[in-house]
Amino acid sequence: MRRGGGSSRVAGEGSGVDSGSTGGADLETLARVVGRVRANIERVIEGKPDVVSSTLVVLLAEGHLLIEDVPGVGKTMLSKALARSIDCSVRRIQFTPDLLPSDVTGVSIFNQNSREFEFRPGGVFANIVVGDEINRASPKTQSALLECMEERQVTVDNATYQLDTPFMVIATQNPIEMEGTYALPEAQRDRFMARVSVGYPVEAAEIAMLNSHTGSNPLDDLEPVTDAAEVRKLSQIVGQVYVSEAVQRYVVHLTSATRRSEELTLGASPRATLHLVRAAKAMAAMHGRDYVLPDDVHTLARPVLAHRLLPSVEAAMSGRSTSQILDGIVAGVPVPEGTRA
């Protein structure tokens, strides 16, 4: 088992990564680029460092992000700020009840001149797809995202089209106003690596927002600070981060405990286990480490797992949220000894 900041590595110790080491220069490059993107986003979203960190973790871990919060706290601003910080293709889809699956994935149209069908790509054909108010679309339209989010491809009329990398869906939804909305099905929620809530700003940040947002839109001044090729390289660096067998067991014990809990009718899936490890690797890299600590897993447990869980009837009637239930489960799972920094 590994501790400390050395770069030695035991090949084949069930780490699930390859035995080559992540060099210090690579981690320095990652820290430099992440710092630039973070600074760009924080010009728009002030006083929310944890939310920005979670967003960057999902980007580096090649996942998808669900931003769920009340109206007016900056959900769409956060997603747009990230999208504008990267020089890549970006598309925004406004989800509405009349949105069709073909609007998302694309459609084949018959060309009168060539006498052949031509494929017209839909909104998901971009590196970053911003889905605003995703729960306002019908379940049929929501299901159009399932294949592309998991397999990075779209199938239309028996033809499969690969999506470019990086590919990230950033979706927003409002949990308060439920009229005219459709709750995301479990299969859809499970494809989001993490869910974050922006929350209301502290007083100082809200006053600063008045100065920076009332004269002009700060999004208009954002310039890209990296590009798609560099993001791909950073994701490869994250993929090389070491995960010890002890930490792997800790992750599996956490997700298994959610499946055994009497307060939950639906626990975390095996996909959730994979997402938690990938996110922990990204967080470790962002902290300049080429190995994962249980602290990384502990920090990410709520944003990665809570939105996938369903409380039992008894727990819901007693007012227990899935986050509260999850916190109790995490507190009850022993942390591996000798691996906590």
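This report walks through a predicted model, from its parallel sheet out to a few helices and loops.

The model is predicted, so local features need pLDDT of at least 70 and side-chain atom pairs count only at pLDDT 80 or more, while totals for chains, interfaces and linings use all residues. Residues are numbered from 1 along each chain as its sequence is written, and side-chain values use heavy atoms, with hydrogens and water left out.

**The sheet**

A word on names: helices (H or I, at least four residues) and strands (E, at least two) are DSSP runs numbered from the N terminus. Two strands pair if DSSP finds at least two bridges between them.

Let's start with the open sheet, where five strands line up as E3-E6-E9-E1-E10 with parallel pairing. Strand E3 (90-94) and strand E10 (194-196) are at the edges with a single partner strand each, so one side of each is left without a neighbour in the sheet. From one strand to the next, the twist averages 20 degrees. Angles here run from 0 to 180 degrees between N-to-C directions, and axes are lines fitted to C-alpha atoms, for helices over the stretch in contact.

In general, strands of a sheet pair through backbone hydrogen bonds, either parallel or antiparallel. The table lists some pairings in this model, including one antiparallel pair, E4 with E5.

| Strands | Sense | Bridges | A facing pair |
|---|---|---|---|
| E3 and E6 | parallel | five bridges | Gln-94 and Asp-132 |
| E6 and E9 | parallel | four bridges | Ile-128 and Met-168 |
| E1 and E10 | parallel | three bridges | Leu-65 and Ala-194 |
| E4 and E5 | antiparallel | six bridges | Phe-110 and Phe-117 |

Strand E6 deserves a second look. Five of the five residues of E6 are buried, so this strand is largely enclosed by the rest of the structure. Buried means under 20% relative accessible area, exposed means over 50%, and partly exposed is in between (1.4 Å probe, protein chains only). In a regular strand the side chains alternate between the two faces of the sheet. In E6, Ile-128, Val-130 and Asp-132 point one way, Val-129 and Gly-131 point the other way, and all are buried.

**A helix across the sheet**

Helix H3 lies across E1, E3, strand E6 (128-132) and strand E9 (168-173), and runs at about 165 degrees to E9. Ser-85 belongs to H3 (residues 75-85) and is buried, with a relative accessible area of 0%. Its side chain reaches the backbone oxygen of Ala-81 at 2.7 Å. That is a polar contact (a pair of N or O atoms within 3.5 Å; within protein, one must be able to donate a hydrogen and the other to accept it, and residues adjacent in sequence count only if both atoms are side-chain atoms). Leaving aside neighbours within four places in sequence, Ser-85 also has contacts that include Val-37, Asn-40, Glu-223 and Thr-226. Contact means heavy atoms within 4.5 Å.

**Helices H10, H11 and H12**

Further along the chain numbering, the axes of helix H10 (residues 245-260) and helix H11 (residues 270-286) come within 10 Å and cross at roughly 145 degrees. On the H10 side, the contact uses Val-251, Val-252, Leu-254, Thr-255 and Arg-259, and on the H11 side Pro-270, Thr-273, Leu-276 and Val-277.

Leu-305 sits in helix H12 (residues 294-305) and is buried at 1% relative accessibility. Among the residues in contact with Leu-305, apart from neighbours within four places in sequence, are Thr-255 and Leu-276. The C-alpha atoms of Leu-305 and Phe-192 are separated by 9.8 Å, although these residues are 113 residues apart along the chain.

**Backbone oddities in the loops**

Some residues have notable backbone angles. Glu-62 has a positive phi of about 60 degrees although it is not a glycine; Glu-62 lies in the loop between helix H2 (49-60) and E1 and is partly exposed, at 46% relative accessible area. Asp-157, also not a glycine, has a positive phi near 55 degrees. Asp-157 is in the loop between strand E7 (153-156) and E8, and counts as exposed at 58% relative accessibility. In the hairpin of E4 and E5, with four residues between the strands, Arg-115 takes a positive phi near 60 degrees.

Finally, a cis peptide bond joins Thr-165 and Pro-166, with omega about -5 degrees. Pro-166 is in the loop between strand E8 (159-162) and E9.
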